[in-house]
Amino acid sequence: MSQILLDRSTVSIWLQFLQSLATRWLKSVAIVTAILVFTCLLSNPALAGIEDDKYDGNVFVLYAGNGSLVPAKISLADSLKANKPALIVFYIDDSTDCKKYSTTISQLQGYYGKAASFIPVTVDSLALDKKYPQTEAGYYYGGTVPQTVVVDKNGKVRLNEVGVISFEKVDDAMRNVFDLLPRKDSVELKRRSFNEFNSELSQ
């Protein structure tokens, strides 16, 4: 009987030893994993930015601070049915030019967003072999980004430009669409600096 008790106590001691060893091993693995993850995060600070052609998310959300632009709230066909002009911008998320131009589109929406439909179209969503009708945004895509197209309420193209174009150039086309006074005859729309925009938002 004493031999059985001795065996049980020996087994119990061995079990406690193994449990302690496993606990220490798991803690060591957790510490090593944490160190590796932390090191990886420090060694790769930013994988993408506004000065490169790398993907880091939607350009309107990240660089223009305007998630209300995407996805587009209305199609071109619905905008034309409602007798509303449209500004279509073709873009991709991994383009330096599109990243920079997104702020211009956001500023234009601030002035014309209630009177015109803003339709950002990511080129990745277009079927390039498809023939689009004139009432769909894809009809106007010319193969380069960014591309800006302003269509009046009758479906007539008032601006079709490729590349990063100035706020003023698109503003002139929008003034033409809405039959507003030219810039030289009216108060100029002044763009706010980035810091002024942020300070007003925070109040």
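**Exercise 1. Which residue in S2 is the bridge partner of Val89?**

Step 1. The model is a predicted one, and the exercise begins with the strands S1, residues 86–91, and S2, residues 117–122.

Step 2. These two strands run parallel and are joined by six bridges.

Step 3. Looking up Val89 among the bridges gives Pro120 as its partner in S2.

Step 4. To follow the connection between the strands, trace the chain from S1 through helix H4, residues 96–112, to S2, a β-α-β crossover that is right-handed.

**Exercise 2. Find out why strand S2 is described as largely enclosed by the rest of the structure.**

Step 1. The cut-off needed here is that a residue counts as buried when its relative accessible area is under 20%.

Step 2. Five of the six residues of S2 are buried, and therefore the strand is largely enclosed by the rest of the structure.

**Exercise 3. Work out which residues form a network of salt bridges around Lys99, and where they lie in the chain.**

Step 1. Side chains of opposite charge can pair when their charged atoms come close. The cut-off used for a salt bridge is a nitrogen-to-oxygen distance within 4 Å, and the structure holds six such pairs.

Step 2. One of them is formed by the side chains of Asp52 and Lys99, with 3.2 Å from N to O. Asp52 lies in the loop between helix H1 (2–43) and helix H2 (59–62) while Lys99 lies in helix H4, so the pair ties together parts that are 47 residues apart in sequence.

Step 3. Lys99 also forms a salt bridge with Asp56, where the closest N and O atoms are 3.8 Å apart. Asp56 is in the loop between H1 and H2, and this pair, 43 residues apart, again links distant parts of the chain.

Step 4. Turning to accessibility, Lys99 counts as buried at 0%, whereas Asp52 is partly exposed with a relative accessible area of 22%, and Asp56 is partly exposed with 30%.

Step 5. For a further salt bridge, look at Glu161 and Lys169, whose side chains meet at 3.4 Å, N to O. Glu161 is partly exposed, with a relative accessible area of 25%, and Lys169 is likewise counted as partly exposed, at 37%.

Step 6. The solution is that Asp52, Asp56 and Lys99 are joined into one network by salt bridges that share partners.

How values were computed
Residues numbered from 1 in each chain as written. Predicted model: local features only at pLDDT ≥ 70, side-chain atom pairs only at ≥ 80, totals over all residues. Heavy atoms only, no water. Buried < 20%, exposed > 50% of the residue type's maximum accessible area, 1.4 Å probe, protein only. Helix = DSSP H or I, 4+ residues; strand = E, 2+ residues; numbered from the N terminus. Pairing = 2+ DSSP bridges. Right-handed = clockwise from strand over helix to strand, strands pointing away.
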